[in-house]
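Visitor: I'd like a close look at one part of this molecule: the way its backbone segments pair with one another. Could you walk me through that pairing, step by step?

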Amino acid sequence: MSKNKISKESAAIAVLCIVTSVAVCITLWSLFFRKPDIILTPDYAPQKLEQNQEPINNDSKEKMNVEKGGGAVSISFSDKVTVDLSDKLVNLNFANPNKSTQDMVIQIVIRDQILVQSGKVTPGNKVTVLDLLNGAEKKLVPGGYEGKFIVLYYNTATGEKAVVNTEIPISITVQD
C-alpha cells in the first residue's frame, strides 16, 4: 500500500472519531445537564383571572347539585386548536359554564411539553384566545400536531386544587 492511501484512510477515521465524539458529548449534555422546561401545576388556583376570559352569552345561572365538600364541572370545548406563531397566540373554544362549581386552569400540551397555561377561568366564562408561554413558539414549526387539553380544577371558595384533572385529546394546527 502507498503512504498516500494510508494517510487518506487515517484522516477519514480521525474525522469519523471526532464526529462521533461530538455526537456523544451532545447526547450526554442533553440527557444529564440540560435543564428541562418544566411548568409546575399550582396547588392553589392562581390569584390572577385569565385576562382573555369573557362571559358566556345566555348561560344558565343554575348550579349543579353536589354533596358538601364535593365539586362538579361542566365544560364545553372544540377539539380543534390553532396556534399562530407570528402573534404567539392560540385560538380555541373552551368554556366553563355557570353550572360548574369549580374554577379551571387550562393547559395545552404537545408531547409532554406545556405550551399554554391559562389563568383562572371562573364559572360562566369562556376563552377563545390564549397566549403561548415564553419560548413555546421556538418549539413548534408550521404543521399539524396531536395534543391535549389538561384541565385543572380548583375550589372556588378556598382555591385548593381538586384531586382529579381532565385530559382531552385535541388536534392542533400551527401556522406562521
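Guide: Happily! Two strands count as paired if DSSP finds at least two bridges between them. Please keep in mind that this is a predicted model.

Let's begin with strand 7. This strand covers residues 125–131 and pairs with strand 1, residues 53–55, in the antiparallel sense over 3 bridges. To find that pairing on your screen, go to Gln53, whose bridge partner in strand 7 is Val127. Strand 7 also pairs with strand 4, residues 89–96, again antiparallel, this time over 6 bridges. Here a handy marker is Asn91, with Val129 as its bridge partner in strand 7. As you follow any of these segments, it helps to remember that in a regular strand the side chains alternate between the two faces of the sheet.

Before going on, let's place strand 7 in the chain. There are 1 helix and 9 strands, and from the N terminus the order is α-β-β-β-β-β-β-β-β-β. Of the contacts with a separation of 6 or more, 70% are between residues 24 or more positions apart.

The end of strand 7 brings us to a pocket. Asp131 belongs to the lining of the largest pocket, as do Leu130, Leu132 and Leu133. From other stretches of the chain come Lys48, Leu49, Glu50, Gln51 and Asn52, together with Gln117, Ser118 and Gly119. The lining divides into 4 nonpolar, 5 polar and 3 charged residues, and the pocket holds about 170 Å³ of space.

Gln117 leads on to another pairing. Strand 6, residues 113–117, runs antiparallel to strand 5, residues 102–110, and 4 bridges join them. Look for Ile108, which stands opposite Val116 in strand 6. These two strands form a hairpin with 2 residues between them, and in its turn Arg111 has a positive phi of about 50 degrees.

Now step back along the chain to Ser100, in the loop between strand 4 and strand 5. Is Ser100 buried or exposed? Buried means under 20% relative accessible area, and Ser100 has 0%, so this residue counts as buried. Leaving aside residues up to four places away in sequence, Ser100 touches Lys63, Ala72, Val73, Ser74 and Pro123. Ile75 is 25 residues from Ser100 in sequence, yet their C-alpha atoms are 7.9 Å apart.

The remaining pairings involve strand 9. Strand 9, residues 161–175, pairs with strand 8, residues 143–155, in the antiparallel sense over 11 bridges. In this pairing Tyr154 stands opposite Lys161. Strand 3, residues 80–84, runs parallel to strand 9, and 5 bridges join them; there, Asp84 stands opposite Gln175.

Strand 8 and strand 9 also form a hairpin, with 5 residues between the strands, where Gly159 takes a positive phi near 80 degrees. Ala157 lies in the loop between these strands. Exposed means over 50% relative accessible area, and Ala157 has 71%, so Ala157 counts as exposed. In space, Ala157 is 9.7 Å from Thr101, C-alpha to C-alpha, although 56 residues separate the two in sequence.

To finish with the chain as a whole, 32% of its 176 residues are buried. The accessible surface comes to about 11400 Å², with 55% of that area belonging to carbon and sulfur atoms.

Technical notes:
Residues are numbered from 1 along each chain as its sequence is written. Side-chain values use heavy atoms; hydrogens and water are left out. Helices (H or I, at least four residues) and strands (E, at least two) are DSSP runs, numbered from the N terminus. On a 1 Å grid over the protein atoms alone, a cavity is a set of points where a 1.4 Å probe fits but cannot get out, and a pocket is an open set with protein on both sides within 12 Å along at least five of seven lines; lining residues have an atom within 4 Å of a point. Grid points are joined across faces, edges and corners, and a volume is the space filled by probe spheres set on the points. Ala, Val, Leu, Ile, Met, Phe, Trp, Tyr, Cys and Pro count as nonpolar, Asp, Glu, Lys and Arg as charged, and the others, Gly among them, as polar. Buried means under 20% relative accessible area, exposed over 50%, partly exposed in between (1.4 Å probe, protein chains only). Contact means heavy atoms within 4.5 Å. Accessible areas come from the Shrake-Rupley method with a 1.4 Å probe; for residues, only the protein chains shown count as cover.
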